[in-house]
Amino acid sequence: MPDVGIREWFAIGRAIAQGHMSRYGEGAHLTSGFEAALGDRLGADHVLAVNSGTSALVTALAAAGIGPGDEVLVPAYTWMATAAAPVQVGAVPILVDIDETLTMDPEDIRRKITPYTRAIIPVHMGNAVCDMDAIMSIAKEHGLIVIEDSCQAVGVRYKDRYCGAIGDLGAFSFNKMKNMNIGEGGAVLTSDERYFIRARSYHDLGSMIRGHGDRLNEPEFVGMNFKVSEIDGAMLQVQLRKVIPMLQRMQKRRAMLAEILSQSQEFRVTPHNDPASAVSLTILADTKEKAVALTARRGVHNRLRDSSKHVYTNWEPILNKRTFHPKMNPWAWAKREINYSPDMCARTLDILDRTCVVPLKLQYPAPVVRLVAQKLAG
Ligand SMILES: Cc1ncc(COP(=O)(O)O)c(C=O)c1O
């Protein structure tokens with residue numbers, strides 16, 4: 001993630017001096033300026049800043065009109081927020097296996113579609129992009145809405161487009177682990193005007209007090225308060241200027257390391273859905289035991305199986321279908337019995353068991369990282 005430092009400090013100072021803390025205060029322009037700049041950069045007609053990636057997913061689902069009785073396909077490997085978001089709008093998550101690219105397996109998407117499926121949430125995990133061509137074509141064939149969870153891939157490209165701006169809607173997170181970091185934050189992206197109007201209403205309690213002139217005859221409905229402040233807007237403007245140069249450096253480093261590591265007889269470099277713009281790097285061993293042994297080697301980080309709530313077996317509230325109130329339980333409203341079990345996505349577990357992260361180590365000079373990779377490749 002880019003550093004947070006003196007530039008953000010000055011930007012926040014200027015925001016305070018400007019005197020408008022609320023993004024909808026008269027004369028406030030920092031958040032709206034950021035939204036316009038992000039949309040221009042990534043090719044989305046509308047961007048709405050919200051207070052987290054989870055809020056972005058919930059807002060996107062609400063904007064798309066997903067609700068009780070609907071099934072939403074989510075990958076079995078993602079942060080639990082992807083599966084929790086449908087529950088917040090009254091829908092149920094249906095788990096889909098990943099393939100070796102660490103993203104949703106298009107073939108398993110086909111197997112999991114039922115007459116009640118309304119949406120797919122493909123997740124670009126750890127900057128590894130989904131097979132969006134295949135996913136968009138399946139969605140078109142079955143009339144499904146695609147909400148890209150790009151929380152872990154802000155600014156990342158898939159072929160000639162940007163993640164988050166390919167599906168009907170996209171969700172970004174700007175928390176401290178992400179490509180843009182303001183501590184906590186998020187954004188919804190869409191090029192569909194109606195979805196945008198509904199998203200904007202939803203994130204601002206229904207927006208009935210704002211007097212937005214462009215409501216497209218959308219009736220008022222009850223929403224949440226997911227707004228950001230101008231302090232967030234100020235920091236986001238600075239972080240947006242840092243993210244693309246950082247990703248360009250990551251892409252170069254990744255290409256160098258992937259070339260070296262692909263010579264190994266011990267493991268394979270994880271296949272990628274767009275190798276030319278890849279910024280993520282993981283390696284895949286034949287067996288779990290070999291992967292465990294690899295984590296002890298220099299240049300290798302953890303096994304993905306050990307990445308806590310990113311693995312569906314650790315999503316206890318989802319597996320147990322437990323909500324904050326027994327009567328607000330989307331599984332009771334589903335059109336068929338939905339059950340989860342720890343072994344339901346065995347292929348995902350097998351892949352995560354055998355996959356290890358290779359950090360790009362941008363903080364170290366390229367020759368040092370190259371030497372470590374050469375040793376690892378044998
Ligand atoms: C894939 C994915 N989706 C959604 C989220 C939720 O984002 P946030 O933590 O900003 O709510 C995250 C954050 O960790 C994530 O990694």
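This report walks through the sheets, one helix, the ligand shell and a few backbone details of the structure above. Keep in mind that the model is predicted.

**The seven-stranded sheet**

Let's start with the open sheet of 7 strands, whose order is E1-E9-E8-E5-E4-E2-E3 and whose pairing is mixed. E1 and strand E3 (92-96) sit at its edges with a single partner strand each, so one side of each has no neighbour in the sheet. Going from one strand to the next, the twist averages 25°.

Strand E9 (residues 186-190) is a good place to get your bearings. On one side, E9 is joined to strand E1 (residues 46-50) by 5 bridges, and the two run antiparallel. On the other, strand E8 (residues 169-173) pairs with E9 over 5 bridges, again in the antiparallel sense. Further along, the sense changes: strand E5 (residues 145-149) and E8 run parallel, with 3 bridges between them. As background, strands of a sheet pair through backbone hydrogen bonds, either parallel or antiparallel.

If you want to find these pairings on screen, here are some residue partners to click on, including one from the smaller sheet described below.

| Residue | Partner | Strand of the partner |
|---|---|---|
| Leu48 | Val188 | E9 |
| Val50 | Gly186 | E9 |
| Ala171 | Val188 | E9 |
| Glu148 | Gly170 | E8 |
| Arg268 | Leu284 | E11 |

Val188 turns up twice here: it is the bridge partner of Leu48, and it also stands opposite Ala171.

**How enclosed are E9 and E1?**

In a regular strand the side chains alternate between the two faces of the sheet. In E9, Gly186, Val188 and Thr190 point one way, while Ala187 and Leu189 point the other way, and all of them are buried. With 5 of its 5 residues buried, E9 is therefore largely enclosed by the rest of the structure. What about E1, out at the edge of the sheet? There, 4 of the 5 residues are buried, so E1 too is largely enclosed by the rest of the structure. Being at the edge leaves one side of E1 without a neighbour in the sheet, yet 4 of its 5 residues still count as buried.

**Helix H3 and the ligand shell**

Helix H3 (residues 53-63) lies across E1, E5, E8 and E9, and runs at about 165° to E8. H3 matters for the next topic as well: along with helix H4 (81-88), it appears in the shell around the ligand.

Which residues come nearest to the ligand? Of the 14 residues around it, they are Ser52, Gly53, Thr54, Trp79 and Ser173. H3 and helix H4 (81-88) are the elements that give two or more residues to this shell. Sorted by class, the shell has 9 polar, 4 nonpolar and 1 charged residues.

**Helix H6 and its two faces**

Helix H6 (residues 132-142) has buried residues at Met132, Ile135, Ile138 and Ala139. They cover an arc of only 130° around the axis, which means they are on the same side of H6. Helix H5 (106-112), strand E4 (117-120), E5 and strand E6 (157-158) are among what covers these buried residues. Turned away from that buried side is a face with the exposed residues Ser137, Lys140 and Glu141. Just after H6 comes Gly143, with a positive phi of about 65°.

**Two positive phi values outside glycine**

Asn127 is not a glycine, but its phi is positive, at about 70°. Asn127 is in the loop between E4 and H6. Is Asn127 buried or exposed? It counts as buried because it has 23 C-beta neighbours inside 10 Å, and the cut-off for that is 20 or more.

Lys159 also has a positive phi, near 55°, in a residue other than glycine. You'll find Lys159 in the loop between E6 and strand E7 (161-162). With 13 C-beta neighbours inside 10 Å, Lys159 counts as partly exposed.

**The three-stranded sheet**

Finally, there is an open sheet of 3 strands in the order E10-E11-E12, with antiparallel pairing. Strand E10 (267-269) and strand E12 (355-357) are at the edges, each with a single partner strand, so one side of each lacks a neighbour in the sheet. Neighbouring strands here are turned by 30° against each other on average, direction ignored. E10 pairs with strand E11 (residues 282-285) over 3 bridges, in the antiparallel sense.

Conventions: Residues are numbered from 1 along each chain as its sequence is written. This is a predicted model: local features need pLDDT of at least 70, side-chain atom pairs count only at pLDDT 80 or more; totals for chains, interfaces and linings use all residues. Two strands pair if DSSP finds at least two bridges between them. Axes are lines fitted to C-alpha atoms, for helices over the stretch in contact, and angles run from 0 to 180 degrees between N-to-C directions. A residue is buried if 20 or more other C-beta atoms lie within 10 Å of its own, exposed if 12 or fewer, and partly exposed in between; C-beta atoms are placed from the backbone. Two residues are in contact if their C-beta atoms, placed from the backbone, lie within 7 Å. A residue is near a molecule or strand if its C-beta atom, placed from the backbone, lies within 6 Å of it. Ala, Val, Leu, Ile, Met, Phe, Trp, Tyr, Cys and Pro count as nonpolar, Asp, Glu, Lys and Arg as charged, and the others, Gly among them, as polar. The arc is that of the directions from the helix axis to the C-beta atoms.
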